[in-house]
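Biologist: Before I rely on any of the labels attached to this chain, I would like to go through them with you and hear the reasoning behind each. Could you show me the structure, so that we can begin?

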Amino acid sequence: LQPFGPVTSLNWLPSALVSWFGIFLVWTVLYSLIQSLRRASRFEAEALRLQVLAKDAELRALQAQVNPHFFFNSLNSVRALVFENQEAAANMVDQLAALMRYTLQSNRHDTVPLADEWQAVQAYLAVEAIRFEERLRVSLGIDAGLEAVRIPPMALQTLVENAVKHGVEPSLDGSAISITARRHNGFVRIAVSNTGTLRAQSGSTRVGLANARQRLALALGAAA
């Protein structure tokens, strides 16, 4: 209150007013700066939260897009068998039920262990083996210790389904499908390949591969 000593005359007042104003100005600037930093931090946190929510919504939408694509194809397989082999059709329905249970559970997570995905792929191949019999030939090459590697749910299954649809189905002799998972330069490289030739006009929507790429990028980012 008395920055320049005791009050002796009115000459004291101008200097005191300047001092008071300077102190108040510094306090106001510091207070405004702190409030601005707090608001910026809140806005950044909110932006990150909205970004995560948008990413999660996009991932859920992409995963929801995979399931009808798979089940429609599988139901067509069941339909083809109903009139030919009822026992095989019943077995196929059991395998589809196991697959549906897996997809409903896995859709709750952005990623799943490779071991869980591989079990679902085995159920799918069992379904298609009933349909294609000896035309479907599968070979595996998965390194030990990769069971816990996490991938987007139904990602591997999508690749295997494409190999069956575009490799086995259109060929009278069928196709050999190779599924491998190897360590490579610090990453895990998962590959699905089938014999045959690529056709420009195959009638493919290319939804499966585009979907798998987007889900890999969303779930794993730079690690995909």
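Modeller: In this predicted model, H184 has F187 of β5 as its bridge partner, and R182 stands opposite R189, also in β5.

Biologist: What makes strands β4 and β5 a pair?

Modeller: Two strands count as paired if there are at least two bridges between them. Strand β4, residues 175-184, and strand β5, residues 187-194, are joined over eight bridges in the antiparallel sense, so the criterion for a pair is met. The hairpin that they form has two residues between the strands, and N185 takes a positive phi near 55° there.

Biologist: Why are β2 and β5 said to stand at the edges of the sheet?

Modeller: The sheet is an open one of three strands, in the order β2-β4-β5 and with mixed pairing. Strands β2 (136-142) and β5 each have a single partner strand, so one side of each is left without a neighbour in the sheet. Neighbouring strands of this sheet are turned by 10° against each other on average, with direction ignored.

Biologist: Which helices lie across these strands?

Modeller: Helix α3, residues 114-132, lies across β2, β4 and β5 and runs at about 165° to β2. Helix α4, residues 155-168, also lies across β2, β4 and β5, and its angle to β5 is about 20°.

Biologist: Why is A181 called buried?

Modeller: The relative accessibility of A181 is 2%, and the term buried applies under 20%, so A181 counts as buried. This residue has its place in strand β4, and, leaving aside neighbours within four places in sequence, A181 is in contact with L114, G141, I142, D143, L146, R189 and I190. For L114, the separation from A181 is 67 residues in sequence, while the C-alpha to C-alpha distance is 9.5 Å.

Biologist: How do you know that L209 is partly exposed?

Modeller: L209 has a relative accessible area of 35%. Buried would require under 20% and exposed over 50%, so L209, with its 35%, is partly exposed. It lies in helix α5, residues 207-220, and, with neighbours within four places in sequence left aside, L209 is in contact with L159 and N162. T158 is 51 residues away from L209 in sequence, yet their C-alpha atoms are 7.5 Å apart in space.

Biologist: What makes L13 partly exposed, and which residues form a nonpolar patch with it?

Modeller: The relative accessibility of L13 is 37%, which falls between the limits of 20% and 50%, so L13 counts as partly exposed. L13 lies in helix α1, residues 12-82. Together with L17 and W20, L13 forms a nonpolar patch on the surface, and the accessible area of these residues comes to about 260 Å².

Biologist: How do these details fit into the chain as a whole?

Modeller: The protein chain has five helices and five strands, and from the N terminus on its elements run α-α-β-α-β-β-α-β-β-α. Of its 224 residues, 30% are buried. The chain exposes about 14,400 Å², of which carbon and sulfur atoms supply 60%. Among contacts between residues at least 6 apart in sequence, 73% join residues at least 24 apart.

Conventions. Residues numbered from 1 in each chain as written. Predicted model: local features only at pLDDT ≥ 70, side-chain atom pairs only at ≥ 80, totals over all residues. Heavy atoms only, no water. Helix = DSSP H or I, 4+ residues; strand = E, 2+ residues; numbered from the N terminus. Buried < 20%, exposed > 50% of the residue type's maximum accessible area, 1.4 Å probe, protein only. Contact = heavy atoms within 4.5 Å. Areas by Shrake-Rupley, 256 points an atom, 1.4 Å probe, with all protein chains shown as cover. Axes fitted to C-alpha atoms, helices over the stretch in contact; angles between N-to-C directions. Patch = residues over 30% accessible without salt bridge, like charges linked within 9 Å, V, L, I, M, F, W, Y side chains within 5 Å. Salt bridge = Lys/Arg side-chain N within 4 Å of Asp/Glu carboxyl O.
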